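Please open the model in a viewer and keep the sequence at hand. The tour below proceeds by selection, from a single residue outwards.

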Amino acid sequence: ISWISSDPQTIDSEGKVTRPSSSGEDKNVTLYGIFEKNGYRIIKQYQATVLRSKTDREAVDADAAALLVPDADYLIHDLLLPKSGQNETTVSWQSSNEAVLSSDGKVTRPAYHDGKSVQLTLTATVTKNQETAQRQFAISVPEMNYALDGVASASTNGASSFRAIDGKEETGWSPSEGDRSPYLLLELKNTQQIDFIRTNASIQ
């Protein structure tokens, strides 16, 4: 197989692409694929459009729009924050709460207190030469889970019971005296969400 280009300065026969400058226009190029075997030859024609390079303003706007922060509404893992964009831009990050989410993406969840999440803003600044664009992301970082490490079971009278796997009966257990319907906070194995379960319960 060999190739011929109608515009080798834009796409050469080896497939190298040179985009027009930002002041130029998109270019249409015809590529001819020549397929040969045992004296037989077939020529196929292909059309390609090579887009001009973006201006610095277009580059920062495009790369800022392309940024994503996964799980922003329930962030429990560190983030891998990009330092550059597809259009030769640089990206820097700034967190409004470095203690919970650092500007390099490290997440430090606060200790369990009242089950509320910490709300913060993560700001990305995209730069190319003298042009900049910013993108802000609303982030929610939940507190650490307050959960019993155990298995639930049902007794013969239908009431629920709970046994701590590690044998420590008081693990995560703090009902008020005389409370026969305490709240148990259980971390389910197949979800990141935490469910509040109100039940008559006991530690065995």
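**Starting point: L101**

Select L101 and display its surroundings: leaving out residues up to four places away in sequence, L101 touches L75, L79, S95, K106, V107, L120, L122 and I139, where contact means heavy atoms within 4.5 Å. The model is a predicted one, in which local features need pLDDT of at least 70 and side-chain atom pairs count only at pLDDT 80 or more, while totals for chains, interfaces and linings use all residues. Residues are numbered from 1 along each chain as its sequence is written, and side-chain values use heavy atoms, with hydrogens and water left out.

**The cores**

Next, select V69, W93, L101, L122, F137 and I139, the residues with the most contacts inside the largest nonpolar core, which has 21 residues. Such a core is a set of buried Ala, Val, Leu, Ile, Met, Phe, Trp, Tyr and Cys residues joined through side-chain atoms within 4.5 Å; buried means under 20% relative accessible area, exposed over 50%, and partly exposed in between, with a 1.4 Å probe and protein chains only. Two or more residues of this core come from each of α1 (56-66), β4 (90-95), β5 and β6. Helices (H or I, at least four residues) and strands (E, at least two) are DSSP runs, numbered from the N terminus. Another core lies apart from the largest one; it has 5 residues, among them I11, L31, A48 and V50.

**S95, a neighbour of L101**

Return to L101 and move to S95, in strand β4. Is S95 buried or exposed? S95 counts as buried because its relative accessibility is 5%. A polar atom of the S95 side chain lies 2.6 Å from the backbone oxygen of L101, and a polar atom of that side chain lies 3.1 Å from the backbone nitrogen of N97. Beyond its neighbours within four places in sequence, S95 is in contact with L101, S102, S103, L120, T121 and L122.

**Hairpin β5-β6**

Select residues 118-128 (β5) and 131-141 (β6), which pair in the antiparallel sense over 11 bridges; two strands pair if DSSP finds at least two bridges between them. Within this hairpin, T121 stands opposite A138 in β6. Two items merit display at the turn: the 2 residues between the strands, and N129, which takes a positive phi near 55 degrees.

**Hairpin β2-β3 and T10**

Now select residues 27-37 (β2) and 40-50 (β3), antiparallel strands joined by 11 bridges. V29 has A48 in β3 as its bridge partner. This hairpin has 2 residues between its strands, and N38 in the turn has a positive phi of about 50 degrees.

From here, go to T10, in the loop between β1 (2-5) and β2. T10 is buried, with a relative accessible area of 2%. Not counting residues up to four places away in sequence, T10 touches K16, V17, T18, K27, V29 and V50.

**The whole chain**

Finally, zoom out and colour by pLDDT, the predictor's confidence in each residue, from 0 to 100. The chain has a mean pLDDT of 79, and 70% of its residues reach 70 or more. Over residues 148-204, pLDDT stays under 50, and the model has 84 contacts beyond four places in sequence for them. The chain has 1 helix and 10 strands, in the order β-β-β-α-β-β-β-β-β-β-β along the sequence. Of its 204 residues, 30% count as buried. Among contacts between residues at least 6 apart in sequence, 55% join residues at least 24 apart.

Key. Polar contact = N/O pair within 3.5 Å; in protein donor to acceptor, adjacent residues only side chain to side chain.
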